[in-house]
Amino acid sequence: MSKVAIYARFSSDNQREESIDAQVRAAEEFAKQKKWVVVKKYIDRAKTATTDKRQEFQRMMDDSAKGLFDVILVHKLDRFSRNKYDSAIYKRKLRKGGIKLCSVTEFLDDSPESVILESVLEGMAEYYSRNLSREVMKGMRENAYQCKHTGGCAPLGYDVDPVTKKYIINEKEAPAVRLIFQMYLEGFGYDQIVGKLQKRCYRSKLGRPIGKGSIHDILRNEKYSGVYVFNRSASKDWDGKRNNHSSKAEEAIIRVPGGVPAIIAPEEFARAKEKMQANQRRPGAYKAKEHYLLSGLIVCGECLKREGKAYSMMGNVKHSGRDKRKHVTYRCSNRENTKQCTNKELNREYVEEFVLEQLEKQIFSDKAIPQLVRQLNEYQNRKKQTDGKEIERLKGLVADLKKQMDNLINAIAKGVSEGVFAEKLQKLEEEKAQAEATLMELGGVETKQLITEEMLRKMLGTFREYVKAHNTLEVKKFISNYIKQVIVYKDHVVVVFVLSVGGKSEGLSIKTQIQRCKMMNSKSCA
């Protein structure tokens with residue numbers, strides 16, 4: 001009497017759970033007719049057969065080597081696999097172990113005709129799967145041209161209108177997205193952004209803490225700038241794996257500007273994208289033996305004029321002359337890669353001193369300080385209004401958490417086991433305490449004093465002390481807070497200032513005028 005393992009599967013969450021029961025019932029009746037004994041059942045729910053990445057399927061194949069059964073029984077052969085390559089591999093493995101694969105509706109023997117029929121059935125199953133995928137994609141593309149949601153979970157900050165199926169802004173989540181972009185553009189790292197989001201009690205769509213991987217995906221998601229994007233991610237490979245960071249060819253991607261309500265201004269998204277690309281181009285910056293105050297800020301103006309693309313200028317060290325004197329310079333990264341750039345290398349000390357002089361002249365001069373004080377206080381007033389909205393959101397969150405806690409406590413009072421809700425109650429208490437702590441912190445916004453000229457002059461004094469002490473890290477932090485970009489041309493330098501006073505916690509960005517300075521050839525390295 002043969003020992004039988006039943007394998008059943010359905011491939012979509014849209015299929016009914018009853019289809020599994022029907023497959024198993026039919027297999028059991030078939031085994032009973034054959035006087036076979038069912039010893040194992042393996043069930044994969046909402047798993048496609050175009051890949052072998054199925055937990056129960058793999059457990060069944062592992063058990064097949066242990067001699068637990070003699071036959072694997074499926075309702076149809078396409079339940080086993082719709083991929084001819086996988087089907088051949090796993091059937092060969094079963095044959096080596098002396099195990100037969102049988103179908104309830106397509107019972108085949110060992111005759112040559114059955115071999116041909118089995119091959120035809122497998123080919124038809126694979127054709128059906130690929131054709132279905134093509135038809136589904138056709139419908140999804142039509143929805144995409146109309147900027148409709150095509151499935152899956154909406155990105156953080158958006159919901160899907162149940163009537164129009166289009167994206168609408170979720171006003172409770174959108175501030176988290178704006179905070180991520182704001183902090184990233186101000187120079188915060190992912191860890192600091194994660195910490196701030198946790199402190200503000202923001203969560204992902206699934207209610208989990210927002211991690212660094214999610215922040216990376218949010219920063220590169222064009223939807224936040226108002227561009228509807230569909231079919232960007234590369235297709236699965238032959239092994240059924242997909243790399244979501246790899247994109248398809250541009251002609252295959254559907255992009256509709258203005259197809260989604262924007263949460264982030266397009267120019268802010270462009271700046272974030274440019275910064276991410278610049279960081280990818282300089283992976284060795286954190287290992288450099290020489291310290292460059294302008295790394296990540298200094299770009300080649302000649303390439304910008306010629307190609308419209310700002311290539312970073314990288315630190316470079318070389319030795320020349322009889323005494324092998326060391327020269328430390330900035331050099332265009334495109335010069336080495338393509339040999340197209342004709343811009344000169346620039347002596348590090350010269351350009352860094354020039355930028356520091358301009359910083360003190362334009363930002364901390366007696367003429368500029370009164371204007372900066374006015375701008376900073378205007379910003380503080382705007383920030384007070386923003387914090388006021390955040391306070392209201394947190395108050396609503398605290399009230400909602402308290403209501404959930406009260407409901408749990410009432411359930412316990414009515415006799416429900418305390419152990420069932422103890423962990424949930426503790427988690428709600430922690431979230432409530434965090435929200436209340438942030439509320440208290442933001443509540444101090446009303447008492448913040450106005451910024452004065454004396455405060456700015458003290459800040460200038462601190463900066464001068466760092467420069468005098470050659471405290472590279474602090475000076476670099478100061479520079480990155482106040483300067484957006486340094487653009488180097490053959491005969492002049494452009495310094496674009498971005499003001500971020502009060503440290504990163506203030507988060508102020510004010511673009512000021514562009515300053516130019518003619519550079520002497522004697523000051524640069526050929």
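Let me start with the parallel sheet. In this predicted model, four strands make an open sheet, ordered 2-1-3-4, with parallel pairing. Strand 2, residues 37-44, and strand 4, residues 100-103, are the edge strands, and each of them pairs on one side only. Ignoring direction, neighbouring strands in this sheet are turned against each other by 25° on average.

Within that sheet, strand 1, residues 3-9, runs parallel to strand 2, and seven bridges join the two. To give one position, I6 stands opposite K41 in strand 2. Helix 2, residues 55-64, packs on the sheet and touches strand 1, strand 2 and strand 3, the last of these being residues 71-74. The direction of helix 2 makes about 145° with that of strand 2.

Just ahead of strand 2 there is a backbone point to mention. K35 sits in the loop between helix 1, residues 18-34, and strand 2. Its phi is positive, near 60°, and K35 is not a glycine. As a reminder, most residues other than glycine have a negative phi. Is K35 buried or exposed? K35 counts as exposed, at 64% relative accessibility.

Now the second sheet. Three strands, in the order 10-11-12, form an open sheet with antiparallel pairing. Strand 10, residues 313-320, and strand 12, residues 346-347, each have a single partner strand, so each is left with one side that has no neighbour in the sheet. Strand 11, residues 325-332, pairs with strand 12 through two bridges, in the antiparallel sense. One bridge partner to look at is L346 in strand 12, which goes with Y330.

On to the helices. I will take helix 8, residues 212-219, and go through two of its contacts. For packed helices, the description is the angle between the axes and the distance between the axes.

The first contact is with helix 6, residues 174-185. The axes of helix 6 and helix 8 come within 10 Å and cross at roughly 85°. The two helices are therefore roughly perpendicular to each other. Which residues of helix 6 meet helix 8? They are V177, I180, F181 and Y184, and they meet I215, I218 and L219 in helix 8. By class, the residues of this contact are seven nonpolar, no polar and no charged.

The second contact is with helix 7, residues 190-199. Helix 7 and helix 8 pack at about 100°, and their axes are 9 Å apart. Helix 7 and helix 8 are therefore also roughly perpendicular. Helix 7 contributes Y190, D191, I193, V194 and L197. From helix 8 come K212, I215, H216 and L219. This contact divides into six nonpolar residues, one polar and two charged. I215 and L219 of helix 8 appear in the contact with helix 6 and again in the contact with helix 7.

Between helix 7 and helix 8 there is a loop, and C201 is in that loop. C201 is another residue that is not a glycine and has a positive phi, here about 65°. C201 is buried, with a relative accessible area of 12%.

That brings me to the cysteines. How many disulfides does the count come to? With a cut-off of 2.5 Å between cysteine sulfur atoms, the count comes to zero. C300 is in no disulfide, and its nearest cysteine sulfur, belonging to C341, is 3.7 Å away. C300 counts as buried, at 0% relative accessibility.

One more residue, I254. I254 is in strand 8, residues 254-257. Its relative accessible area is 4%, so I254 counts as buried. What does I254 touch, leaving out residues up to four places away in sequence? The list is R141, A144, Y145, Y228, V229 and F230. Of these, take Y228: it lies 26 residues from I254 along the chain, and the two C-alpha atoms are separated by 7.8 Å.

I will finish with the whole chain. The protein chain has 16 helices and 15 strands. It has 526 residues, and 40% of them count as buried. Among contacts with a separation of 6 or more, 65% are between residues 24 or more positions apart. The contact of I254 with Y228, at 26 residues along the chain, is one to look at on the structure.

Conventions
Residues are numbered from 1 along each chain as its sequence is written. This is a predicted model: local features need pLDDT of at least 70, side-chain atom pairs count only at pLDDT 80 or more; totals for chains, interfaces and linings use all residues. Side-chain values use heavy atoms; hydrogens and water are left out. Buried means under 20% relative accessible area, exposed over 50%, partly exposed in between (1.4 Å probe, protein chains only). Two strands pair if DSSP finds at least two bridges between them. Contact means heavy atoms within 4.5 Å. Axes are lines fitted to C-alpha atoms, for helices over the stretch in contact, and angles run from 0 to 180 degrees between N-to-C directions. Angles under 35 degrees count as roughly parallel, over 145 as roughly antiparallel, 65 to 115 as roughly perpendicular and the rest as oblique. Ala, Val, Leu, Ile, Met, Phe, Trp, Tyr, Cys and Pro count as nonpolar, Asp, Glu, Lys and Arg as charged, and the others, Gly among them, as polar.
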